[in-house]
Structure formats: C-alpha cells, structure tokens
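Open the structure in your viewer and keep the selection tool ready. The tour goes stop by stop.

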Amino acid sequence: MSWTYFLAWLLPLATGAAAYLAISPQRVPGWRASAVGYGFLGGMLLVAVATSIVAPANTAHAIASAGLCLLLLLAIVATVAWRRRDQSGTASSGGTVPLPRWQRAALATLFVSLVARAAIVAREIWLRPLYPWDAWSAWAVKPKTWFLLGHHVPFVSMPEWLHSTHGDLYTEVAWHYPNALAWIEVWFASAAGGWIEPLINLPWLGLWAALLLAHHGQWQSLGLSRTRALVAVYALGSLPLLSVHAALAGYADLWIASAFGFSVLSWMRWLQQGERSQLCLAIFFALVLPWLKMEGWVWAVCLLASFGFGALPWRWRSTVAIAAIVLFAALIPLGGLHLLSLRAGVINADGSLAMPALGPLALILDLKWQPGAFKGATETLFAQPNWHLLWWLTPPVLIWRWRALMSQDWLRLPAVLLGICAMLLFILFLFTSASAWAQSYTAINRLVLQIVPAWVTVLALLLRDVDFPAAERSTDPTRDPRSDPA
Amino acid sequence: MIRRLILIPVLCAIWIVLFTWAAGVPWDAPWTAREHLAFSGRDFQVQLGEGTIELDNLVINAFDARGNGLQTARLTHVRAEKYPILRYRITDFPNVLELALVFRRDTRDDVQTISLPTPENGEITVDLSRFSEWRGEINELGFAEYATAQLVPPSTIASFHPFRIEWAQLQPPAWDSVLPRLRSDWFGYRPWSLQSINTIGPGNGTLGRSWMMPILALGALLSGLAACLLLRLPRARAAAVMCWIAGCTWISLDLRWLEDFFTKHRVIESIYAGKSWAQRYALQPDEETLVVAGDVARIAEQQGAKRVLVDSSSPFIFLRLIYFLLPLNAAPLEQTMREAPEMALPEDVLIAVYASDWKYDKATGLLGNGELVVFVKPVYEKGDLRVFRSEGVDQ
C-alpha cells in the first residue's frame, strides 16, 4: 500500500469530518464519533462529486486532480470549522457514574467482538477478487472501464450502443444505474495505481465502521447513555447481513443504509433539539440517496415528505395525513403512481419508456396478493440467521414502550416514517411480481437492510429511559433523560 | 423455593418439546432405531478418483482429471421413506470441498444428488425426508466431492490432504438422533455462496422447521414467561428478566454467527493467503472463464474489433466474461439483439459464444439460437469457445 492510497482515505475523511464540524459545531456528547462517521460518508460523496467533475478526461490520475479540489475544500471547511468552534463553546461534559467491573468487562467484550468482526471483514476483502454477483455484473463495470481506458465513456442502452457507428459508446446490463459509487471506485483505483479489487473494496469496511461510529455518536447526542449506546452499537454491528455486505464488498445497499440512517439521525436531532445544521445534514443525506441507487428515489421522497410533515404545525398534520392517505389509496387503483416511477425508468431514443430496473413504486401498478411470498418474507426475517432477534424484538419493544413512542414527537415521527417504508416493502414483496424476490430470499433482505440502521435507532432510543432495577443510570448527569427538549 | 423447584422441570419440558418438534421426531418413535442399514468405508466402491482401504475406512487420495470424486455402495430394494435419517462420519475432509449425497432411484438413469453439510471431524446427521428427491426405491447410494461451487478455484484441489470415509448409516427416525440432527443443522458449515449477499441461511426448501433462530427465540420467550409467572416477579423485575434473556439469546446467536463467519473465512484464507494480487486474481472460482476472456481479448485485438457481443447458456458465465474482458467494449449478445430487433449488427462487431446454445450453419452462414439469427463469418474455435465476425447484414 502506498502513501497515495493512504492519502485517498485520509483526505476525504478529513474533508468530510471538517465539513461536518463546520456545519454542526455543537460539542454535544458523542460529537467526535459523529464527525468521523458522517465525515467518512460525506467525504466519499465529495470524492464522487470532485472525481466526476474534474477527472473524466484522466481517470488514471483522478487522485491528483480531484485530490487537489478536495485539498482546497478541506482548507476552506477546516477554517470554517475552526472559527465556528471558537464561537460554539466547549462540550457539556459531566462526570460519569463508574460501572461495576463485570459490566465494564461485558462492554469491553462486546467491543472486542466488533473489532474481531472488522478484522475478518478486512481479511475477506483484502484476500479475495471481487465476489458478489451484482458487484462485477453491474456496479464495477463502469469504473473498471473508465479507469482502464484512462477516460470517461458514456454508457447507453443496448439499442443505442448498437446504433453507434464509431463504437465509442459502452453498454452494460445496469447502464442506467447512478454513478456515485463508480466515481468513488475510480478514485481508489487511481490511488492504488491499478484495478486492484481489494484496495478498491476496502472502503466498504470503512463505511461499516463509519456507520457504527456515527450511530454511536448521534445516539449519545440524542440522550442515550454511553453504555447503552455501546450496547446498541453492538446490536447494530452484530447483525450478520450488515457484516456480510461489508465482507462481500461491492453492493450499494450498505451505502444507502448509511445515508438513510444518517438522515434519520440528523432529523431526530433537529426534531429533538431544533438544530438547523442537523436538518441541513438530514436533507443532504436524503438528497444523495438517488445518486447511490435507484430505490434511493423512493427513500428520498419518503424522507423529504416526512421532514416537511414534521415541520408542519400540529393543527395541519392530521389534515395533511388524511389527505395523503386518501391520495395514496386513490392513486393505487388509478395507476397514478406510474408518474412517481418515471424516475426509475428511462426514455428511449424512440420516445418509449423502458424500465430496466423497476423501482419499488413502479411495481405497484398491478397489485395482487402473492401466495408464498408471506412465507418467504417471514422465514427470511424471523428464521434465517440474517437479523438475529431484531424482528422478534421489534413488536414487544413497540408495545412495551408505546406510551413513550406516542408522547414524544421526535420518536413518533421517525417511527411513522419507518412504518411507511415498511409498508412500501410489504406491498412490494407481498402484492407485486417482486414477491419472487421474497420467496427466493433475494432482494427482500437487501431492501430491508437499507432501513435497518434507522430501525435500530428508533428501538434503541425507545429504550433510553427504561430504568431497570439495579441497572446503570445515564452517564450524563447534566441532562435529564426524561426531558424532551422538543 | 417450591416455585423454583417447579420451574426447573417446566423449563426442561419447554426445551425438550421445542427440540423434538424442531427435529421432527414422531412421538411414537423408539429411543434408538430398531433397524438400520450400516455401511463401513470398505462397502464403498471408488467410481471417480482414487482411494485405498485402511482398516474399515476408505481413504480418498485423489480425484479424477475433472476434479470430481465419487464413491458408491450397492443397495437392494431399499424404500427411501423407511430410512429418512442419514448419519455419516467422514474425517479430515478438506474445507475447500463440497460434499453431496448421490443415489440411484428406481430406474437405472434416475440419479439424484443432495448437497450435504460438510463433515468437519464429527458425525453428521441429516433428515433426508425434507428433500423431495428422497423417495422411491434406492438401488445405489454414495458420496460425491468436488471444489465448492462458485467459491473455490478448481485448480486448488489438484492435490489435497487425504480424507477418510469411516461409516454411513440409514435409519428410521429415533429419539437419539434429535441432538445430532439439530447439531448438524445448526452448527454445520455452510460455505460462502453467491446467495450469501442476500441471505446467510440455507436456500429455499433445503431446511425444514429445524431452524435455530425460531427455536431459540420461542424457547427464550416461553422460558422467560414461565419464570415470570411461576416466580411471580413484579412488573419491573419481569421486564428486566426478559431483557436479560433477550440479550443472552442475541449473544448466543451472535456467537454462532461469528463462528460461522470465521469458518467461512478460513476457507478464503486457505485459498488466497500468502499470494500476490496477480496470483489471487488468477484464482477466480471460475478460472476457465478468465482464460477464455484472455483468448477473446487476443482475437479481438488481432481482428481489430472494437466491440464484442458475448453469449453463454449460463448468465453467470457471460456476465463474468464481460467483466473479465473490460475495458473491451463488450455486451450480451441475446439481450442486445432482443432489445434492438430491427437493427443490423455492424461489421466491426465480434461475436464470442462460449458453452452456448447458439449454432452455426455453414451452408447459410447463419448463427442462431432458434429465435434470433445473425450472418457471421467464423474466426476461431477451440473447445466450447467459438468466435465469429458479424457480416453486417440485416438479421
């Protein structure tokens, strides 16, 4: 590994973290972990933007040209972050209640188990050529082509490809997929000095770690004690399918899960503490979703609609909610959701509409109960070893903490958002032709994965006030855990 | 005190009922099977590969030239339904290999295979009744071994440490097979597969109700409820107990997953560790496709072709070919022609078909698959790879 490759990691991380601190300078509990976690994903997205703008003509040296842009940006955001830090004051730090020795040992063991996982993931990525199907059949085709050619070439539909006379257009089965990941891969390939798959895939491990760090930090900011935040991070990090998506790197679902999770976390902070900077971050991460994967459009619409709904005064909410339900119910039989699905499709040269990768909404047009899909969905969520006890524990936690959920707006609104997302997945997998993906245990888990970090967030925060007999108290005595700043 | 004493048999009853239900043992089954068909290693004949008899064990030293091993034993009119439980012990089995049960059913040509849990060093017990293939009259039964599909490069098993087939046994259900069965189902090694990115568990229809997670979750839930009710715990204490039980169950499942994750990873270590990136890249699970891609790229360069259309009967193979050919301008032949049926293929297009159903007719100069046809000129043929150049005439 060279210094260039090291720089390819450090520069986006530093830029992203500095940008986070420039936007959100508050030194609340967990701010360091949040800055690193958000910084990693934000930095990678900045890499994608910079590489796609300045490096198309010379992809082999993307690290040099895009790196210069990032360096300039780093200087600017670091200056802003430094200045805003001076104005923002210091973190509210309080003494922590010392834990009994056995609890400290138990927490250390949980942490070590996460580190052990990360070590296995790192070796898996490091040793193996690109493995999972869509990684080599879809996601890596564009960046490998661009990098090995030394310049960007357009990817078009197959008829267009056949129609071109000079053979300078390219095609692939997933030619219409968004390009953010492709540019990130070009960045790392240019830093590695070749199409060296392990070095290009290692960022998936970085993203896994960033996901856990950002959640750990934000959960503390939202009032979870450090101990409970660590237990919740263990719960999130131990989910088998999450580790698999890091170990078998190359899919976009972990990126979507992270961006969606970060957006929800920031939104919750805005709802709870009224920090506008966090709302900006929530909107930013919602807006980048479509640039990562097609279904990002659906999640982005859900998130932005929820943000808008959450910003409404109380008296408007019930009216808007009823109107939305009526509209949704009316649109389904009328096929009106076709309009929403246009973004998932492609207008061909002859004006016809192709939908090579049907977005979830596009499939709603022909709703029909799909026998067999329910069994597949139940088995994959409750019986297969993909999610540990996550789906078993969700109903009892919701029932147990129902009063807390309903009484706190900053918990209720994200829960409603996740309920809507779950309902869309429910309709998709039980009522459309996508039910085959539930019966074969395929796409269902990957789509569920995209909302799982946010789901764990809601469950973890529902349990933040639970007071067990002889259990630990909040580590932040300056904050009353029962208070609701919103 | 009395309540605590009552709790112990209640907990035992809960777990015994759940384990038995999971293992699918009928209530009227005997404790041990009254009759069984037992085979020692000596009873197996080596059909593919090489093996020797040591004591009563069959020691497999090598596979055939295609990397397959097969050992079978003759049976006389055995009804599959009567013997649904298979137990076997194979020791020193290399972790890069996959094991399958092969059996001949009723007629001579009706040969079936069922993928089996990889034996590490213990006894494996499998309920064959959950497989639809296990029915009728079984005339021959055996084990097949090969490089784990879509994971292990076949070249890595050119030589391997010998393993030994110690014994195998077919029997009716019995109570003493409950724990071995659950152990095999719950703790058996499952290799990485292309499906792993979607789900970690076994594929659809390969496991019955013996899934570990529901049994543990139900057992933990019922145990917690029994403890709360019998010990009359106050509400807060009951909530704490249930949380502890949930936490412990989660950790148990996670330990199992970590062990599985590590075992999966050990295979990857054994194949790739200590090798340079160039060597690792050459060790693709489908090494042959990589070699074919090299041939196609060379021919395209010789022919001055800017674009290549690729086909194979297996989507896996043609998509892999396209990936290996990059940055050559390659696309799938059939999909491209289907999406643009009215367009003629330009003359600069090379067509590479590998292990494909497309047939070339010398007399007409047409390459077709029964539905689609294209005028071509043959350029190259070697084994399953055929390369043509488009004649640029309308399809």
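What percentage of the 395 residues in chain B do buried residues make up? The figure is 35%, where buried takes 20 or more other C-beta atoms within 10 Å of the residue's own, with C-beta atoms placed from the backbone.

Before going on, two notes. This is a predicted model: local features need pLDDT of at least 70, side-chain atom pairs count only at pLDDT 80 or more, and totals for chains, interfaces and linings use all residues. Residues are numbered from 1 along each chain as its sequence is written, while chains are lettered from A and ligands numbered from 1 in the order in which they are written.

**Chain B, whole**

Select chain B. It has 8 helices and 18 strands, counted as DSSP runs numbered from the N terminus (helices H or I, at least four residues; strands E, at least two). Its C-alpha atoms fill a box of roughly 90 × 55 × 45 Å along the principal axes. The radius of gyration of chain B is 27 Å, against near 21 Å for a compact globule of 395 residues; it is taken over C-alpha atoms, and the globule rule is 2.2 Å times the number of residues to the power 0.38.

**Helix 2 of chain B**

Select residues 178–187 of chain B. The buried residues here are V178(B), R181(B), S184(B) and D185(B). They lie on the same side of the helix, because they cover an arc of only 140° around the axis, judged by the directions from the helix axis to the C-beta atoms. Now add helix 1 (2–23) and strand 9 (123–127) of chain B: both are included in what covers these buried residues.

**V308(B)**

Move to strand 12 (residues 307–311) of chain B, where V308(B) lies. V308(B) is buried, with 25 other C-beta atoms within 10 Å. Among the residues that V308(B) touches are V296(B), L325(B) and L350(B); contact means C-beta atoms, placed from the backbone, within 7 Å. Measure across to V349(B): its C-alpha atom is 5.5 Å from that of V308(B), though the two are 41 residues apart along the chain.

**The A–B contact**

Show both chains. The contact takes 54 residues from chain A and 51 residues from chain B. On the chain A side, helix 4 gives the most, with 6 residues.

**Chain A, by confidence**

Colour chain A by pLDDT, the predictor's confidence in each residue, from 0 to 100. The mean is 87. Select residues 336–364 of chain A, where pLDDT stays under 50. Then take residues 471–486 of chain A, also below 50. Where pLDDT is low, the predicted coordinates should not be read in detail.

Definitions and conventions: A residue is buried if 20 or more other C-beta atoms lie within 10 Å of its own, exposed if 12 or fewer, and partly exposed in between; C-beta atoms are placed from the backbone. Two residues are in contact if their C-beta atoms, placed from the backbone, lie within 7 Å. Lists of a residue's contacts leave out its neighbours within four places in sequence.
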